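Trainee: Got a minute to go through this one with me? I'd like to start with the overall layout and then get down to side chains.

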Amino acid sequence: MAAPASAIDTTRLPLKPVDFSFEGPFGTYDRGALQRGFQVYKEVCSTCHNLDHIAFRNLADEGGPGFSEAQAKAIALGYKVPADPNDKGEVFDERGVRLTRAAALADYFPGPFPNEQAARANNGGALPPDLSMIVKGREGGAHYVYSILTGFHETPPPGFTVTAGKYYNPYFEGWNISMPNTALTDKAVTFTDGTPATIDQEAHDVATFLAWASDPKMEERKRMGFGVIIFLLVLSGLLFAAYRKVWKSAH
Amino acid sequence: MSGHSTYTPKSGFEKWIDQRLPLPRLMHDTMQTFPTPRNLNIWYTFGGILTFCLAVQIVTGIVLAMHYVANADLAFESVERIMRDVNYGWLMRFVHSNGASMFFLAVYIHMFRGLYYGSYKAPRELIWILGVLIYLLMMATAFFGYVLPWGQMSFWGATVITNLFSAIPYVGPHIATWLWGDFAVGDATLNRFFSLHYLLPFIIAAVVGLHIWALHVPGNNNPLGIDVKSPQDTLPFHPYYTVKDAFYLCLFVIVFAGFVFYAPNFFGNPDNYVQANPLVTPPDIVPEWYLLPFYAMLRSIPNKLMGVIVMGGAIVTLFLIPWLDTSRVRSCRFRPLMKQFFWALVVDCIILGYCGAQSVDAAAFGIPLVWVARLASVYYYAFFWLIMPIVGLIETPKKLPASIAQSVLGDSAAAAAE
């Protein structure tokens with residue numbers, strides 16, 4: 001990147017090295033991390049961010065956070081979604097407020113804002129991205145999410161001035177990020193399983209949860225791949241034996 | 001298709017069919033008894049592998065098309081729905097998207113193999129030309145396919161590529177508008193690209209049919225590049241090459257499965273998991289890896305029209321190879337000088353691909369990559385237009401063996417067999 005001679009290079013820093021349970025050919029999602037990560041999303045991130053591609057039923061899916069169907073249903077009941085027209089054909093009440101109903105398993109997580117413009121108006125003009133695609137939609141995936149979330153406390157180098165209304169985060173391209181540095185802090189949540197809620201732990205867990213949200217079929221995929229490759233190796237062995245036998249007299 | 005048919009109908013029914021539609025005879029003569037040089041090596045298994053790739057793309061593609069919605073507002077969502085909610089939809093999509101990369105990997109090996117062993121030389125010019133036509137159709141199909149998920153790279157890739165046509169003087173902008181069906185890439189563009197993406201593979205299949213038909217007239221070339229002289233030089237296609245192709249195909253599928261199940265997004269770009277947004281241009285617009293060498297040529301030339309001509313010329317050149325090569329010897333095994341230029345071309349194409357993947361103003365070892373790409377483009381053209389004709393005339397080839405059988409079996413065995 002060619003930067004103007006006077007400015008400093010604001011290319012994002014190399015992402016933090018951190019281990020995730022789902023990496024490697026046999027890696028699976030850590031259920032505890034998924035459930036804690038969901039709690040972080042629910043209590044912190046969801047204030048501004050959507051989770052568009054995840055339905056409440058997905059919380060009870062195989063290879064997911066491992067909630068029971070009853071638990072997923074209970075979580076859904078805590079959310080309000082826009083209701084269908086009532087028996088008078090109305091979708092707004094007499095005060096002009098949108099009618100809602102409690103969410104069910106088949107519903108998708110409702111976003112915090114009714115539309116993009118409302119989201120921007122509440123976030124200084126910036127649009128908080130949908131988190132259900134963030135891990136596969138960014139170079140570095142879960143490492144990127146973790147690095148951004150834990151990258152705020154570093155003080156900017158001399159010569160770099162943070163733009164008004166933005167925050168310094170060297171893991172974000174350009175170093176100016178619209179997400180506030182108070183978005184995720186130590187003890188932002190109280191984990192139900194008693195895990196100490198350090199910012200590192202919270203970031204690690206929510207990155208795991210969002211990795212699942214991006215790639216919910218990963219465990220099924222790796223498991224099937226293992227069987228497929230074992231099968232192909234055996235088949236290759238048989239074909240090689242057949243090949244040797246057929247060609248024995250040919251050269 | 002050529003030569004003497006050895007098919008004898010065994011039953012009354014087969015005889016009845018044979019007199020009316022001799023399809024069993026065709027299958028027997030082309031896939032069973034077809035005399036094939038006995039010295040074909042691993043690089044000759046890629047023809048069969050490519051047929052497999054085409055079949056996989058068509059089958060998975062038909063299934064995906066049952067669930068995909070070609071609409072600028074719904075396409076991105078429909079792909080995510082395939083990935084999350086359609087039974088084994090993730091498998092179909094990852095096989096299809098990685099299948100495109102595997103298809104190109106195989107086609108590049110197949111093409112370089114043809115180039116190395118002189119498989120384009122008389123009497124096989126039409127096999128080569130049909131092959132280049134298939135390659136061109138593959139590039140078009142892959143490009144249309146990459147647009148369909150309607151991610152950021154889909155949209156901006158489509159914008160960059162269709163805009164190339166606007167470089168044509170006078171009529172260019174009108175052609176671009178005509179291609180888009182709109183004044184920019186949009187819903188109309190997506191729908192026609194989906195239609196063409198569904199159509200072209202069947203045209204490819206038809207040209208593959210011609211490619212194989214043309215192959216069965218002179219028969220396979222071989223690593224020695226010498227003609228088949230006696231039945232001793234050949235083996236029946238079945239079981240010798242069916243089993244050999246099957247074994248190597250299986251190894252290829254292991255690599256394929258490795259990507260599908262363990263690194264399904266390896267060839268992809270994270271930006272394509274962000275929905276297309278005409279208002280936000282990604283910092284670097286990069287095509288899929290298999291188009292990068294041509295993209296590097298295009299970008300290395302400041303003038304847009306000249307860039308398009310250089311890039312197009314690089315593909316047109318491939319059609320002319322049979323007449324650019326003046327050598328009387330086919331195989332590079334006996335062409336010590338050409339062999340070195342050949343490997344330099346392989347490296348050259350990889351360098352071009354690398355340049356195409358980097359941002360425009362990037363540098364390697366302090367050298368601006370745009371200059372590296374320029375030099376590499378010059379070598380690409382020089383290889384075909386200067387080195388091929390000149391080296392063919394000045395090079396002294398090594399002595400060719402008397403026959404394929406003699407080379408494989410040794411003098412005594414070949415003599416004893418006669």
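Trainee: How many Å separate the centres of domain 1 and domain 2 of chain A?

Mentor: The two centres, taken over C-alpha atoms, are 45 Å apart. Domain 1 covers 7–54 + 109–216 and domain 2 covers 221–251, with bounds from an automatic or database domain assignment. Keep in mind that this is a predicted model, where local features need pLDDT of at least 70, side-chain atom pairs count only at pLDDT 80 or more, and totals for chains, interfaces and linings use all residues. Residues are numbered from 1 along each chain as its sequence is written, chains are lettered from A and ligands numbered from 1 in the order in which they are written, and side-chain values use heavy atoms, with hydrogens and water left out.

Trainee: OK. Which residues form the nonpolar patch on the surface?

Mentor: F26(A), F226(A), I230(A), F231(A), L233(A), V234(A), L235(A) and L238(A), with about 820 Å² of accessible area together. V234(A) sits in helix α6 of chain A, residues 218–247. Helices here are DSSP runs of H or I with at least four residues, strands are runs of E with at least two, and both are numbered from the N terminus.

Trainee: And what counts as a patch?

Mentor: Patch residues have over 30% relative accessible area and no salt bridge; nonpolar side chains (Val, Leu, Ile, Met, Phe, Trp, Tyr) are joined within 5 Å, like charges within 9 Å. The areas come from the Shrake-Rupley method with a 1.4 Å probe, and for residues only the protein chains shown count as cover.

Trainee: Switching to salt bridges, how many are there over all chains?

Mentor: There are 17 over all chains, each one a side-chain nitrogen of Lys or Arg within 4 Å of a carboxyl oxygen of Asp or Glu. One of them pairs E219(A) with R31(A), whose closest N and O atoms are 2.6 Å apart. E219(A) is in helix α6 of chain A and R31(A) in helix α1 (residues 31–43), so this bridge ties together parts that are 188 residues apart in sequence.

Trainee: Is E219(A) buried or exposed?

Mentor: Buried, with a relative accessible area of 8%. R31(A) is partly exposed at 33%. The cut-offs are under 20% for buried, over 50% for exposed and partly exposed in between, with a 1.4 Å probe and protein chains only.

Trainee: Where do R120(A) and E116(A) lie?

Mentor: Both are in helix α3 of chain A (residues 116–121), four residues apart, about one turn of the helix. They form a salt bridge too, at 2.9 Å between the closest N and O atoms. R120(A) is partly exposed at 33%, and E116(A) is partly exposed at 38%. Over in chain B, salt bridges with shared partners join K121(B), D325(B), R335(B) and E395(B) into one network.

Trainee: What about aromatics, how many pairs turn up?

Mentor: The search of the whole structure finds 55 over all chains. Rings of Phe, Tyr and Trp (its six-membered ring) pair if their centres lie within 6.5 Å; planes under 30 degrees apart are stacked, over 60 edge-to-face, and the rest tilted. F160(A) and W175(A) have ring centres 5.2 Å apart and planes at 70°, so that pair is edge-to-face. F160(A) is in the loop between α4 (141–150) and β3 (167–168) of chain A and W175(A) in the loop between β3 and β4 (176–177), so the pair ties together parts 15 residues apart in sequence. Both residues are buried.

Trainee: Which residues are linked into a cluster by ring pairs?

Mentor: F104(B), Y108(B), Y135(B), F259(B), F266(B), F267(B), W289(B), Y290(B) and F294(B).

Trainee: Last topic, backbone oddities. Which residues does a cis peptide bond join?

Mentor: A122(B) and P123(B) are joined that way, with omega about 5°. P123(B) lies in the loop between α5 (89–116) and α6 of chain B. H238(B) and P239(B) also have a cis peptide bond, omega about 5°, and P239(B) is in helix α10 of chain B, residues 237–262.

Trainee: What is the phi of K187(A)?

Mentor: It's positive, about 60°, although K187(A) is not a glycine. Most residues other than glycine have a negative phi. K187(A) is in the loop between β4 and α5 (199–214) of chain A and is exposed, at 70% relative accessible area.
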